[in-house]
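Student: I am new to this structure and would like to begin with a single part of it. Could you take a close and patient look at one sheet, and then let me know what else is worth finding on the way?

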Amino acid sequence: MKMIMSRINTLPMKWRITLWSALWMCVFFLLYNSVQYLVLDRWILAQEENGIRKNMDEILVYYADNDSKDVASGKNFLDKVNQPDQFIRILDKNGAPLFTVNGNLPDSWVKPEKVDAITLVSLWHEQDHLLVMRSPIRTDEFIGTIEIVRNLENYERLNHILLLVMAIGGLGGAAFSMFAGVLLGRQLVKPVARLSETMEKITHNGLGERVEYWDNKDELSNLSFIFNNMMDRLEEVFQQQNRFVEDASHELRTPIAIIEGHLNLIARWGRNDPTVLTESLNASLDELARLKNLTHDLLASSEATSEQTSTEQADIYKIVHHVVDGFAVIHPEFVFQIDIDALKHRAAAIRGYHLKQILMIVLDNAIKYSGDKKDIKIAGDALDDQTVQIQIRDKGLGIQAVHLPRVFDRFYRVDEARSSKQGGSGLGLSIAKRLVEAYCGTIQIKSSEAQGTIVSFMLPIFKDEAGQA
């Protein structure tokens, strides 16, 4: 058995599953047939025992009802109740046979034996199976023993037929079980084989391959569904990473090239020319500052892609005033209107420095593109018991409708010349969007060209363990 198991375990997985399924089905079927045979065998034998007990009861009742008669006078009655496959023998008190009523069964097959209590035994005479029942008999004039010996030839014949039928059925069932096991094993292995083939294709062809999926409402079809979803997410992340690398390479290339050009200019003839030297150094410093800001934005964008926790809270009223006060110092020419009294005792389910970063990004954009209208309004309100909303409105240059669907894309600029002049990297709104969505919030922009822009973002309200806001 161990050798068979070890050989099976060396086979490929699909054949292991197939053979194990067939083997267990075969074992189960054989066990079922064996139990069925044993139950039927015991039932038939019990019927024979009940038959011989019934004969013995009839004889004992007869002699009890005819107590005054001679024992030998009941021979005619015994002839009537006897059967062809048995004999009835009467023994005296010493165990010697008085007479025998024979039904084609030699009485020499069983030695006479007196008893003091009813006994039932099973024994063999050569190839014949016999059932022997003995009972003491007492009348006014006689004390002795009654023996009934029955040949179980019919029982054995039926038993052999039953065994033959069970054996044939068992072999047929085992063959069917093997066949069904092979089919079942192959059916079970198919999804796993498809999964394995798809993974092999992914190794050679890339992340675009998927497992062929049928919804069979079972664990294996669910495995295919989960695998395909996992590959979709992996491919999306991989594409995002590629886009990020491509965009970052493109954006970093320009300032590096400008700095390199000015340094070469200085190296060639600018060292002795104060005008060229000053101009090149200033341009290089500007590009270096731009490069520094771009690197900072790239790092912030990468951080914003990770999922955030909402177990921390941010004091909206305090943070908004703090950020606006900072901008008011830097940009004294701007008028900032703040209307967030409704949020005075509200906390958002977001980390404080992330809320500050979102506000700084949106306010910085509003300031950059306000044009001649230096008026910015910050408003906030609780939409319901679950969500707060903050709006930042400017009356500046606005955004054309054609550009609105893409303003949250990385490195997307509505106007390249205008954005470069303002020092933007094209990452700010993308970072803000990812931060808001990381905390299960939403952000949207409404804008009209030359009319201004409204940026609204919604965040969940922080609630303690008791569910109180």
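Tutor: Two strands are said to pair if DSSP finds at least two bridges between them, and with that in mind we can turn to the sheet itself, remembering throughout that this is a predicted model. The sheet is open and has five strands, which follow one another in the order S7-S9-S10-S12-S11, and their pairing is mixed. Its edges are formed by strand S7, residues 335–339, and strand S11, residues 442–448, each of which pairs on one side only. From one strand to its neighbour the average turn is 15 degrees, with direction ignored.

Strands of a sheet pair through backbone hydrogen bonds, either parallel or antiparallel. Within this sheet, strand S10 (residues 387–394) and strand S12 (residues 452–460) run antiparallel and are joined by eight bridges. To find one place where they meet, look for Gln391, whose bridge partner in S12 is Ser456. Helix H7, residues 316–330, packs on the sheet, where it touches S7, strand S9 (375–382) and S10, and its direction makes about 175 degrees with that of S7. Helix H8, residues 352–368, lies across S7, S9, S10 and S12, and it runs at about 25 degrees to S10.

A further helix is H10, which spans residues 428–438; eight of its 11 residues are buried, so the helix is largely enclosed by the rest of the structure. The buried residues of H10 are Gly428, Leu429, Ser430, Ile431, Ala432, Leu435, Val436 and Ala438. After H10 comes Cys440, which has a positive phi, near 65 degrees.

Elsewhere there is an open sheet of five strands whose order is S2-S1-S5-S4-S3, and here the pairing is antiparallel. In this sheet the edge strands are S2 and strand S3 (119–125), each pairing on one side only, and the twist from one strand to the next averages 20 degrees. Strand S1 (residues 86–91) and strand S2 (residues 97–102) are held in antiparallel register by five bridges, and at one of these meeting points Leu91 has Pro97 of S2 as its bridge partner. The hairpin of S1 and S2 has five residues between the strands, and in it Gly95 takes a positive phi near 90 degrees.

Asn151 also belongs to this part of the picture, since its place is in strand S5, residues 143–151. Asn151 has a relative accessible area of 8% and is therefore buried, the cut-off being under 20%. A polar atom of the Asn151 side chain lies 3.1 Å from the backbone nitrogen of Glu153. If neighbours within four places in sequence are left aside, Asn151 is in contact with Asp85, Leu105, Trp109, Asp128, His129 and Leu130.

Aromatic rings give one more landmark, for the structure holds three aromatic pairs. One of them is the edge-to-face pair of Tyr62 and Tyr63, with 5.3 Å from centre to centre and 75 degrees between the planes. Both Tyr62 and Tyr63 are buried, and together with Phe77 they form one aromatic cluster.

Terms used: Residues are numbered from 1 along each chain as its sequence is written. This is a predicted model: local features need pLDDT of at least 70, side-chain atom pairs count only at pLDDT 80 or more; totals for chains, interfaces and linings use all residues. Side-chain values use heavy atoms; hydrogens and water are left out. Helices (H or I, at least four residues) and strands (E, at least two) are DSSP runs, numbered from the N terminus. Axes are lines fitted to C-alpha atoms, for helices over the stretch in contact, and angles run from 0 to 180 degrees between N-to-C directions. Contact means heavy atoms within 4.5 Å. Buried means under 20% relative accessible area, exposed over 50%, partly exposed in between (1.4 Å probe, protein chains only). A polar contact is a pair of N or O atoms within 3.5 Å; within protein, one must be able to donate a hydrogen and the other to accept it, and residues adjacent in sequence count only if both atoms are side-chain atoms. Rings of Phe, Tyr and Trp (its six-membered ring) pair if their centres lie within 6.5 Å; planes under 30 degrees apart count as stacked, over 60 as edge-to-face and the rest as tilted.
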